[in-house]
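Let's take a walk through a protein model together. Keep the sequence and the 3D view open while you read.

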Amino acid sequence: MSEIKKFLSLSSEDLETAQFLYESQRFRPCISRAYYAMYYVAQALLLSENLDTSTHKGMIKMINRHFAQTGKISANASKLLNDAYELRQLGDYSTKFVSDEVIASEMIVNAKVFITEVEMILGKNSVEE
């Protein structure tokens, strides 16, 4: 299995896990898994252009620089990824952060939007090659 396919598989698994956690009313970990679903598909996108980074912030910067600023993905998609990262940071590291059904639901919707847009790009890239 190629690295890109591994990342896509991880993304799909984490999106399913986020949905399961949401349905179980585990909203904080739901947010984290939804972010990681986005993270893995973003890593697949970077890899499709032979780009790599070892940090989450670096990944977000590279997605913005190489894809959003060049018009390969929408500015909205880049913003969704950045916002998801910030929310995941709060959920994972701030004891004062309170998540709820609305926040978790929006996170899953945003993850699906981002993943769909990236998968469309990855699909186009595989057709072009």
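## Two rings at a turn

Y22 and F27 are both buried (under 20% relative accessible area, where over 50% is exposed and anything in between is partly exposed, using a 1.4 Å probe and protein chains only). Their rings make a tilted aromatic pair, with 5.8 Å from centre to centre and 55° between the planes. Rings of Phe, Tyr and Trp (its six-membered ring) count as a pair if their centres lie within 6.5 Å; planes under 30 degrees apart are stacked, over 60 edge-to-face, and the rest tilted.

This is a predicted model, so a bit of housekeeping: local features need pLDDT of at least 70, side-chain atom pairs count only at pLDDT 80 or more, and totals for chains, interfaces and linings use all residues. Residues are numbered from 1 along each chain as its sequence is written, and side-chain values use heavy atoms, leaving out hydrogens and water.

## More aromatic company

How many aromatic pairs does a search of the whole structure find? It turns up eight. Another tilted one is Y36 with Y40, whose ring centres are 6.1 Å apart with the planes at 45°. Both of these tyrosines are buried, and both lie in helix α2, four residues apart, or about one turn of the helix. That spacing fits a handy rule: an α-helix has 3.6 residues a turn, so residues three or four places apart point the same way.

Y36 and Y40 also belong to an aromatic cluster, together with F7, Y35, Y39 and Y85.

## The whole chain

Zoom out, and you'll find five helices and zero strands in the protein chain. Helices here are DSSP runs (H or I, at least four residues), strands are E runs of at least two, and both are numbered from the N terminus. From that end the elements run α-α-α-α-α. The radius of gyration is 14 Å, close to the 14 Å that the globule rule gives for 129 residues, so the chain is as compact as a globular protein of that length. (That radius is taken over C-alpha atoms, and the rule is 2.2 Å times the number of residues to the power 0.38.)

The C-alpha atoms fill a box of roughly 45 × 25 × 25 Å along the principal axes. Buried residues make up 44% of the 129 in the chain. Contacts (heavy atoms within 4.5 Å) reach far along the sequence too: of those with a separation of 6 or more, 65% join residues 24 or more positions apart.

## Helix α2, well wrapped

Now look at α2, residues 27-48. Its 22 residues should span 32 Å at 1.5 Å a residue, and its end C-alpha atoms are 32 Å apart, which agrees. (The expected span is 1.5 Å times one less than the number of residues.) Of those 22 residues, 18 are buried, so α2 is largely enclosed by the rest of the structure.

Two polar names are worth finding. Q43, in α2, is buried at 7% relative accessible area and contacts F7, T53 and M59, leaving aside neighbours within four places in sequence. D14, in helix α1 (residues 3-23), is also buried at 7%; with the same neighbours left out, D14 contacts R33, Y36, A37 and Y40.

## The nonpolar core

Which residues have the most contacts inside the largest nonpolar core? They are Y35, L45, M59, I63, I73, L81 and F114, in a core of 44 residues. Such a core is a set of buried Ala, Val, Leu, Ile, Met, Phe, Trp, Tyr and Cys residues joined through side-chain atoms within 4.5 Å. The elements giving two or more residues to this core are α1, α2, α3, α4 (75-93) and α5 (101-128), and α2 gives the most, with 15.

Try clicking on I73: not counting residues up to four places away in sequence, I73 touches L45, I63, F67, A68, S78, E117 and I121.

## Two odd loop residues

Most residues other than glycine have a negative phi. Q25 has a positive phi of about 60° although it is not a glycine. Q25 sits in the loop between α1 and α2 and counts as exposed at 59% relative accessibility.

N50 also has a positive phi of about 60° without being a glycine. You'll find N50 in the loop between α2 and α3 (56-68), exposed with a relative accessible area of 73%.
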